[in-house]
Amino acid sequence: MERGKKAAAMGKKGFSSSPAMPPMSLDQFVSTMAPLIDMEKEAEISASVSSGATRNLETAQKRGSAIFNLKCVDAQTGLMGKSLLEFQSTKGDVLPAHKFGIHDVVILKPNKADSGSAGLGQGVVYRLKDTSITVAFDDMPEDGLNSSLRLEKVANEITYRRMKDALIQLSKGVHKGPASDLVPVLFGERQPTVAKKDVTFTAFNSNLDHSQKDAVSRALSSKNVFLLHGPPGTGKTTTVVEIILQEVKRGSKILACAASNIAVDNIVERLVPHRVKLVRLGHPARLLPQVLDSALDAQVLRGDNSSLANDIRKEMKALNGKLLKTKDKNTRREIQKELRTLTKEERKRQQLAVMDVIKTADVVLTTLTGAATRKLDSTSFDLVIIDEAAQALEIACWMPLLKGSRCILAGDHLQLPPTIQSVEAEKKGLGRTLFERLADLYGDEVTSMLTVQYRMHELIMNWSSKELYDSKIEAHPSVAAHALYDLEGANKSTSTEATLLLVDIAGCDMEEKKDEEDSTLNEGEAKVAIAHAKRLVSSGVQASDIGIITPYAAQVVLLKILRGNEDKLKEVEISTVDGFQGREKEAIIISMVRSNSKSEVGFLSDRRRMNVAVTRARRQCCLVCDTETVSSDGFLKRLVEYFEEHGEYLSASEYVDE
Ligand SMILES: Nc1ncnc2c1ncn2[C@@H]1O[C@H](COP(=O)(O)OP(=O)(O)OP(=O)(O)O)[C@@H](O)[C@H]1O
């Protein structure tokens, strides 16, 4: 029987978020993915300013891939010699709507420069606020900083090149590489195996719950592949960290990766107190300040080979000085020869310094793309661990996987998948994750689900647990009944008492609209969401404990405008649902936006998006929506009914005029 069918017949799965797909062979994978990567690359390039498609700068601005009319308000040196420049709008407070993200590569140009011009410098977005953007440049741009400026987003072609390389390596066969035993298992040609005897261990973290302990034990027993399924708030990263510590104790060399820099840094931060020998690879501007000490650059600077390289550089400087003063041909030739030798030696010393650090580390941590760096070319690992694996393209996971003989993937395919720009590539399966594919292929045989959650009040959790996790999740007693008014400084009031609150805009004349970019927004609903945030703050809840999230980008901009400069609400975080994955707040206000006579709900019906939205809340979840419109979708109807049954119902009219 084919493996996928076999798993189904044995009742091992039923946990895919999309209809079960037939198992995929290595050849099929390579031939399907190659054109899809190109499509995705094209889609990203055409959305960036440098492409012909957006030569028109006005279009670039509309699309959010350029920010115009900026002024440089601060310039500092930091981050191992990088220059940090902060920009604000010359026109007003909040930056115009844009699609810049933290860590994006950008080019700085004079405001009116041609679209094809070289610009003043290229850098990496280091910090992003509503009112300012900070960029890290390798060198301080020499001039032009006093005039009006713009930033353009650059397509990140390196990632695509590296993914393509990984695909080529896979297609050539990896018979002799470190992953030679792993590849057949991940493509269903060979069964996964586990240690004959259960592995017992003494946990470093004495608080691990039963499901976490069980998962660690099964991970340690796995010989090729293990999936750690971590629903919201269940301590997935806590468990990953315990697995890493146990594996280090066993003597394994580990490559630990995640799709995002922040997830990698989270692991680094939690490993550092255990004095693990680790190194974090990556551009310093993309790392959290608190992990910079673990960065490769910082460790290289501390190494012996690096100080030798420094001595050589000093010698070269002296020789260059001599060269400038010497006219005699023979002496010049000799100095030049010596300089060439020293240059080679210096490069060699630098490389050795890097190799030293990587060789002695028990754990190397980097993003998936970072794992394809040449610095790791000659290093293989006993274990590759990928966190956030359900948010990563499968082909991206192969960059680290090719370097290891065993793997552990952690994630939750019932939260949002990776973002894909090309609609065509998405339709053809680029977004299907390895986590999901393996879950379909092997199911429970290789999977453990964490079942105790440490974030949400029981009422918030129960909806998600029942709808998506077969009612298997339980709330830890420390959070099961926690209320907003238990927070320091908060009072018990009608606004803080409810755990679930449904604010209905049906019949309140609050129809949705489209903005110029065709994104949907709803002003009435945005006002209600802000009004509820105000009520919470008036009841003593800290603004920084409140988050307003919405599926639509245009609604985010509108909410930020409506909040304005009100000091009281400044710290309230406003974001898209997708941008808030992985985060949490004590109180979450969800603005669902859709309100129309055709009962169209668009992408609200993606259960993974609503799962992420609701499960960001720790003590209160307030759903602002048009119950008539959204109830046209069966899944959303059940959500509304759940809130009606277990929470408090209010009409939006109660918030009008606030
Ligand atoms: N066994 C435990 N006992 C007490 N608290 C725990 C335990 N496991 C996890 N937590 C707490 O639960 C919270 C979430 O843990 P962690 O960051 O590991 O979760 P996660 O599953 O990676 O998060 P997300 O839901 O965002 O993916 C943290 O505050 C953590 O300290």
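In which kind of crossing, left-handed or right-handed, does α6 pass α7? Keep the question in mind while you look at the structure, which is a predicted model.

**Helices α6 and α7**

Start with helix α6, residues 210–221, and helix α7, residues 236–249. Their axes come within 10 Å and cross at roughly 40 degrees. An angle under 35 degrees would count as roughly parallel, but this crossing makes α6 oblique to α7. As for the opening question, α6 passes α7 in a right-handed crossing.

You can find the residues that meet here by their numbers. On the α6 side they are Gln212, Ala215, Val216, Ala219 and Leu220. On the α7 side, they are Thr239, Glu242, Ile243, Gln246 and Glu247. Sorted by class, the contact of α6 with α7 has 5 nonpolar, 3 polar and 2 charged residues.

**Two partners of α22**

Now move along the chain to helix α22, residues 634–646. Helix α15, residues 458–468, packs with α22 so that the axes come within 11 Å and cross at roughly 150 degrees. Angles over 145 degrees count as roughly antiparallel, and α15 and α22 are therefore roughly antiparallel to each other. The crossing of α15 past α22 is right-handed. From α15, Leu459, Asn462, Trp463 and Glu467 make the contact, and α22 brings Phe635, Arg638, Leu639, Tyr642 and His646. By class, that gives 5 nonpolar, 2 polar and 2 charged residues in the contact of α15 with α22.

Helix α20, residues 607–614, packs against α22 too, at an angle of about 25 degrees and with the axes 10 Å apart. Because angles under 35 degrees count as roughly parallel, α20 and α22 are roughly parallel to each other. Here, too, α20 passes α22 in a right-handed crossing. The contact is made by Arg607, Met610 and Val614 of α20 with Phe635, Leu636 and Leu639 of α22. Those residues divide into 5 nonpolar, no polar and 1 charged.

**Around the ligand**

Which residues come nearest to the ligand? There are 15 residues around the ligand, and Gly233, Lys236, Thr237, Thr238 and Arg270 come nearest. Some polar contacts with the ligand are listed here:

| Residue | Protein atom | Ligand atom | Distance |
|---|---|---|---|
| Thr237 | N or O atom in the side chain | oxygen | 2.6 Å |
| Tyr454 | polar side-chain atom | nitrogen | 3.1 Å |
| Gly582 | polar backbone atom | oxygen | 3.5 Å |

Try finding Thr237 in the structure: Thr237 is one of the residues that come nearest to the ligand, and an N or O atom in the Thr237 side chain is 2.6 Å from a ligand oxygen atom. For Gly582, by contrast, look at the backbone, where a polar atom is 3.5 Å from an oxygen atom of the ligand.

How values were computed: Residues are numbered from 1 along each chain as its sequence is written. This is a predicted model: local features need pLDDT of at least 70, side-chain atom pairs count only at pLDDT 80 or more; totals for chains, interfaces and linings use all residues. Side-chain values use heavy atoms; hydrogens and water are left out. Axes are lines fitted to C-alpha atoms, for helices over the stretch in contact, and angles run from 0 to 180 degrees between N-to-C directions. Helices (H or I, at least four residues) and strands (E, at least two) are DSSP runs, numbered from the N terminus. Angles under 35 degrees count as roughly parallel, over 145 as roughly antiparallel, 65 to 115 as roughly perpendicular and the rest as oblique. A crossing is left-handed if the near helix is turned anticlockwise from the far one by less than a right angle, and right-handed if clockwise. Contact means heavy atoms within 4.5 Å. Ala, Val, Leu, Ile, Met, Phe, Trp, Tyr, Cys and Pro count as nonpolar, Asp, Glu, Lys and Arg as charged, and the others, Gly among them, as polar. A residue is near a molecule or strand if one of its heavy atoms lies within 4 Å of it. A polar contact is a pair of N or O atoms within 3.5 Å; within protein, one must be able to donate a hydrogen and the other to accept it, and residues adjacent in sequence count only if both atoms are side-chain atoms.
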